[in-house]
Amino acid sequence: MSSKRDYYEVLGVAKDAPADEIKRQYRKLALKFHPDRNSTAEAAEHFKEISEAYAVLSDGSKRQLYDRAGHAGVDGQYSTEDIFGGARGNFDEVFGRDGGGFESIFEQIFGGSGRGGFGRSREGADRLVETSVTLEEVLHGKNLEIEVQKRITCGECSGTGCRPGTGRNACSACGGQGQIRKTRQMGFASFVTAMPCSACGGQGMAIENPCGKCKGNGSRKGKKPIAFKIPPGVDDGDYTIQGEGDEVPGGRNGDLIVRVRVVRHKLFERDGKDIHMRLHVPMVDAALGCTMKIPTLDGMETIRIDPGSQPNDTIKVRGKGVSHVRSRGKGDMLVHLAVGIPKKLNRTQRRLLEEFQKEG
């Protein structure tokens, strides 16, 4: 008699539940019990249980067999690995190939990659560099070339980890499989467990004559010049250059994180794509009107001060702002008028203002 719980009970659905309801319920439970999200001792077992239930119930032929004969019918015809292998597309559909999909599920059940070799692809560490840019460079962008200290591919062995003239051999402990597998029979059920080979680290290959420079690692500490462009419109934040972190021959390189800080400008203040500046205008010019030349991020510009302009009036100079990496077009430059009132007047100035006051 099987000790397994009913698959429909495991997923919490009725026996006549449609496929889309089964898929929704599995996704909900898988996100709850996935070991990457849930570190409790029971989570891994729950995850395996619901994944096995979904592997059967999401496959039309396996579901029909289960409905007719229960666990005995399915276990008698399929091994656990066959159950999951046949449901590859169903798992990919639930989580997407780039979001884990079948390979992620297979690793949780069998402990390996499900792709012949056992070991996961090695990943390099990310590296961080910091740089600053001016507002003028935000306008135009900036070309940079920096030397990054990181792990680089060993030039002596070209990343193989082997002494020149030698190569890798299949691991004698696992026969090149990268895993040690054990099968247990429990009644009609066949349970397959797999563990990474400790001799080769799950890679399936062994180095008998390691490279003297990198000690068999394939990479070593070093410096690499990296040229890149900070795009126009950049803002404070972290930007990623994929594959330029630590190098891992035969694996996935880490990323280079460029942390950008925009330096505060002595004249202008940035607000998204717009640029603000404060312009001091003499009282008489504000009253009578005039033209003035003002600096912008891209050279001098002439603006018109209308007669009767008041303190804090704003003049918009279109297209003289900056762009933004997440939108199109440039912003504007907003000129805020600061009308200057003289603190001291000579006799003539005072007389003229007094006459103006009388006329007003």
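Helices (H or I, at least four residues) and strands (E, at least two) are taken as DSSP runs and are numbered from the N terminus. The structure described here is a predicted model. On this basis, strand β7 covers residues 219–230, and S219 is placed in it. The protein as a whole has ten helices and 15 strands. Of its 360 residues, 38% count as buried. Among contacts between residues at least 6 apart in sequence, 63% join residues at least 24 apart.

S219 was examined in its surroundings. Its relative accessibility is 4%, so S219 counts as buried; the cut-off for buried is under 20%. The side chain of S219 makes a polar contact with the side chain of N217, at 2.8 Å. Leaving aside residues up to four places away in sequence, S219 touches R151, I152, T153, C154 and C214. E247 and P249 are also touched by S219.

The loop that leads from β6 (205–207) to β7 contains K215. The phi angle of K215 is near 60 degrees, a positive value in a residue other than glycine. Most residues other than glycine have a negative phi. K215 counts as exposed because its relative accessibility is 68%. S158 also has a positive phi, near 55 degrees, and is not a glycine. S158 sits in the loop between β2 (142–153) and β3 (168–170). With a relative accessibility of 60%, S158 counts as exposed.

The next element considered is an open sheet. Three strands form this sheet, in the order β1-β9-β8, and the pairing is mixed. β1 (127–133) and β8 (237–241) stand at the edges. Each has a single partner strand, so one side of each is left without a neighbour in the sheet. Neighbouring strands of the sheet are turned against each other by 30 degrees on average, direction ignored. Strands of a sheet pair through backbone hydrogen bonds, either parallel or antiparallel. β8 and β9 (residues 256–262) run antiparallel and are joined by five bridges. Y239 has V258, in β9, as its bridge partner.

Two loops flank β9. The loop between β8 and β9 holds G250. G250 has a relative accessibility of 86% and therefore counts as exposed. G250 and G218 are 32 residues apart along the chain, and their C-alpha atoms are separated by 9.0 Å. The loop between β9 and β10 (268–271) holds R264. R264 is exposed, with a relative accessible area of 73%. R264 and T134 are 130 residues apart in sequence. Their C-alpha atoms are 7.5 Å apart in space.

Strands β12 and β13 form a hairpin, joined through two residues. β12 (residues 290–296) and β13 (residues 299–305) run antiparallel, with seven bridges between them. Side chains alternate along β12. C290, M292, I294 and T296 point to one face and are buried. T291, K293 and P295 point to the other face and are not buried. M292 stands opposite I303 in β13.

I303 also features in the nonpolar interior. The largest nonpolar core has 33 residues. Within this core, L279, I303, I305, M333 and V335 touch the most other members. Residues up to four places away in sequence are not counted in the contacts of I303. On that basis, I303 touches C290, T291, M292 and I294. I303 also touches L279, I315, V317 and V335. A second, separate core comprises 21 residues, including Y7, A17, I22 and L65.

Among the helices, α3 (residues 43–57) was examined. α3 has 15 residues and reaches 21 Å from its first C-alpha to its last. This is close to the 21 Å expected at 1.5 Å a residue. The buried residues of α3 begin with A43, F47 and I50. S51, E52, A53, Y54, A55, V56 and L57 are likewise buried.

Definitions and conventions: Residues numbered from 1 in each chain as written. Predicted model: local features only at pLDDT ≥ 70, side-chain atom pairs only at ≥ 80, totals over all residues. Heavy atoms only, no water. Core = buried A, V, L, I, M, F, W, Y, C linked by side-chain atoms within 4.5 Å. Buried < 20%, exposed > 50% of the residue type's maximum accessible area, 1.4 Å probe, protein only. Contact = heavy atoms within 4.5 Å. Pairing = 2+ DSSP bridges. Axes fitted to C-alpha atoms, helices over the stretch in contact; angles between N-to-C directions. Polar contact = N/O pair within 3.5 Å; in protein donor to acceptor, adjacent residues only side chain to side chain. Expected span 1.5 Å × (residues − 1).
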